[in-house]
Amino acid sequence: MKSSNITRAAMVAASIPLQAALGLALLPGGATAQTPVWRAVAGENGSVVAPDLPAGTFRDLTDVYVGDAGRDLFGLRVSGPTALEGYWAQRGNRLVRYTQLGNTGALGPGRSGAEAGHVFLSINSGWGGAAPDGQRNFLARASDPAATLAASYGLWRWNGTSNIEVARASTDGVLGPGLGANWVFPNSSGFATARMLNDGRMLIYADVDSPTGADSSLLALHVPGQGNLPCARSGATEPALAPGLVPGDSFLSISAGIARFSVNRAGRIFGRMPVSGSREGIFELCDGAPRAIAVDGEIGPRGPDLAPISAEFTGFYARAPQPSGNTALTFFADWRVPGQGSRAGLFRFDGVANRGIAYTESTGYFGPNWADATWRTFSTDSLSVSHDYAAFVAGLDTADGGDPNGLWRVRAGDRPQLVALIGLTLADYQPEPGRTWRSFEEMVVLSNGDILLQATTNPDNLRDLWLLRDGAAPRRILSPGTPVTVQTTTGTVQVPVSSFSVPADGADYNEGADRWVGADGTLFLAVSTSNYGRLLITTSLAVPNPDVIFIGGFE
């Protein structure tokens, strides 16, 4: 397993760093210089009005996400007070609760027959992900409240009306892993991770126990009416579940869980998977047997499409492969010509071959296209992709001995374009006159090539959320002091933001994961204020998504 050439810890520590945890978000094409309007969806202070959350009481709000498709797919968990505990989702202009401990009705586990009296005993945190159609998933433990020793963990989906169980521990029946008699999910709180897809489908990565008690890892696709359909299993050598690079090979387990997999807008599933024999590759999964797209140790169509033809991949970096439209994938990998050392590169699988975009020590077409510099290193975990665009952070070596770090965007078929440089005062690459970039923290690229960037700048080490649009000057869209429209029990007020920090776990809507940015440019995040405490706020950048039509926002 490869790690980034520049770690997030190193980026945070560096004075002119390839800084910290990145998350490139490219925003709307056609954006104007108009200032976005932020409004509060909910707040922890009891005087903040949030539909269906009773006023007058403090609320502890966690698991704050917007669905990967954006729109108003806001979700959150109320951890207190006890009477409000559970997962909530916005539907229309209301917040709707869909889980509750001790409930046998629509907020409960939805079991039937002899199990109709079962209730949730606990509901895991870190869930509540939304499919583009609004269905959500979560992991919980349920049983007869009078017989809790028989309680079982399981996965559920909420279809907008009720909770439907899709997987359950300790059973080999319809809710089991689908591997045959006596194959079961273990009855543990962390037995599975999952991602909610359209039409009630759910991608599941879970531990499984064999009839003899041997454990392995399973990737399965839940399909309503068909159950859990195995896609790949660690240790399995049967062709339907194995990598098929050589006879008798098998996948190995991965600790990253569902985060290693991505789902594109057409519902195709991809993953970076380790393989027996110290190999690894990128595979398409859950559409027949696993199909290798890029693998190490091979020349030809599954290797890098770079001259000379004898080039081969030597390893892949930890992020899931990033979908581009309905067919393409973008990823960082190491590659080499046999007999020479490995170098890092950025590649795009276009449905036919793994085309090169950039690689270290390169000038010319695959280079940084700035000041005759060469790539020194890539911050591989900074990669963000949306449709035809990618954005990433990298470090350079210049002809005169400089070693600057900067931010690039690249469109499919084009050369990388420098967007910003840390610490330098060059007018084209600084945030504004008299100010320099100090660090890049989180960024996301949207389908039109704009970049949404949380960064700090000098002087005064200021943190802002910036919009970087090709051909336009950078502009702040969220800063300390930015006004937020808040509905309170005494009327509508404008409240200034005191501080904010976007979540540090990235903005991976392009993988099908829910975070703080949706594909249409909807933003949803927490900020601190002086008078009303922590608010959950949103705005829309109205990105014209090439795959899905969304309604507009301020731009």
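Q: What makes the meeting of the Asn 228 and His 222 side chains a polar contact?
A: The two side chains come to 2.9 Å. A polar contact is a pair of N or O atoms within 3.5 Å, where, inside protein, one can donate a hydrogen and the other accept it, and residues adjacent in sequence count only if both atoms are side-chain atoms. At 2.9 Å, the pair fits that limit, so the name applies. Asn 228 also reaches the backbone oxygen of Gly 176 with its side chain, at 2.9 Å.

Q: How do you know what to trust here, and how are residues counted?
A: This is a predicted model, in which local features need pLDDT of at least 70 and side-chain atom pairs count only at pLDDT 80 or more, while totals for chains, interfaces and linings use all residues. Residues are numbered from 1 along each chain as its sequence is written, and side-chain values use heavy atoms, leaving out hydrogens and water.

Q: Why is Asn 228 called buried, but Arg 268 partly exposed?
A: Buried means under 20% relative accessible area, exposed means over 50%, and partly exposed is in between (1.4 Å probe, protein chains only). Asn 228 has 5%, so it counts as buried. Arg 268 has 25%, so it counts as partly exposed.

Q: Where do these two residues sit?
A: Asn 228 belongs to strand E13. Arg 268 is in the loop between strand E14 (261–263) and strand E15 (269–275). Strands (E, at least two residues) and helices (H or I, at least four) are DSSP runs, numbered from the N terminus. The protein chain has one helix and 36 strands.

Q: What makes Glu 284 a partner of Arg 268?
A: Their side chains share a polar contact of 2.8 Å. The side chain of Arg 268 also gets to the backbone oxygen of Asn 326, at 3.0 Å. Contact in general means heavy atoms within 4.5 Å. Setting aside residues up to four places away in sequence, Arg 268 touches several others, including Ser 262, Arg 291 and Thr 327.

Q: How do you know that Cys 231 and Cys 286 form a disulfide?
A: Their sulfur atoms are 2.1 Å apart. A disulfide is a pair of cysteine sulfur atoms within 2.5 Å, so a pair at 2.1 Å qualifies. The structure holds one disulfide, joining strand E13 (residues 227–233) to the loop between strand E16 (279–285) and strand E17 (291–295), with the two positions 55 residues apart in numbering. Both Cys 231 and Cys 286 are buried.

Q: What makes the largest nonpolar core a core?
A: A nonpolar core is a set of buried Ala, Val, Leu, Ile, Met, Phe, Trp, Tyr and Cys residues joined through side-chain atoms within 4.5 Å. The largest set has 30 residues, and Phe 138, Leu 155, Phe 185 and Phe 191 have the most contacts inside it. Strands E7 (136–143) and E8 (152–158) are among those that each supply at least two of its residues. Another core, of 28 residues, lies apart from it and includes Val 495 and Leu 541. In soluble globular proteins, nonpolar side chains tend to be buried together.

Q: Why is the protein chain called as compact as a globular protein of its length?
A: The radius of gyration is taken over C-alpha atoms, and the globule rule is 2.2 Å times the number of residues to the power 0.38. The chain's value is 24 Å, close to the 24 Å that the rule gives for 555 residues, so the description fits. As for burial, 58% of the 555 residues count as buried.
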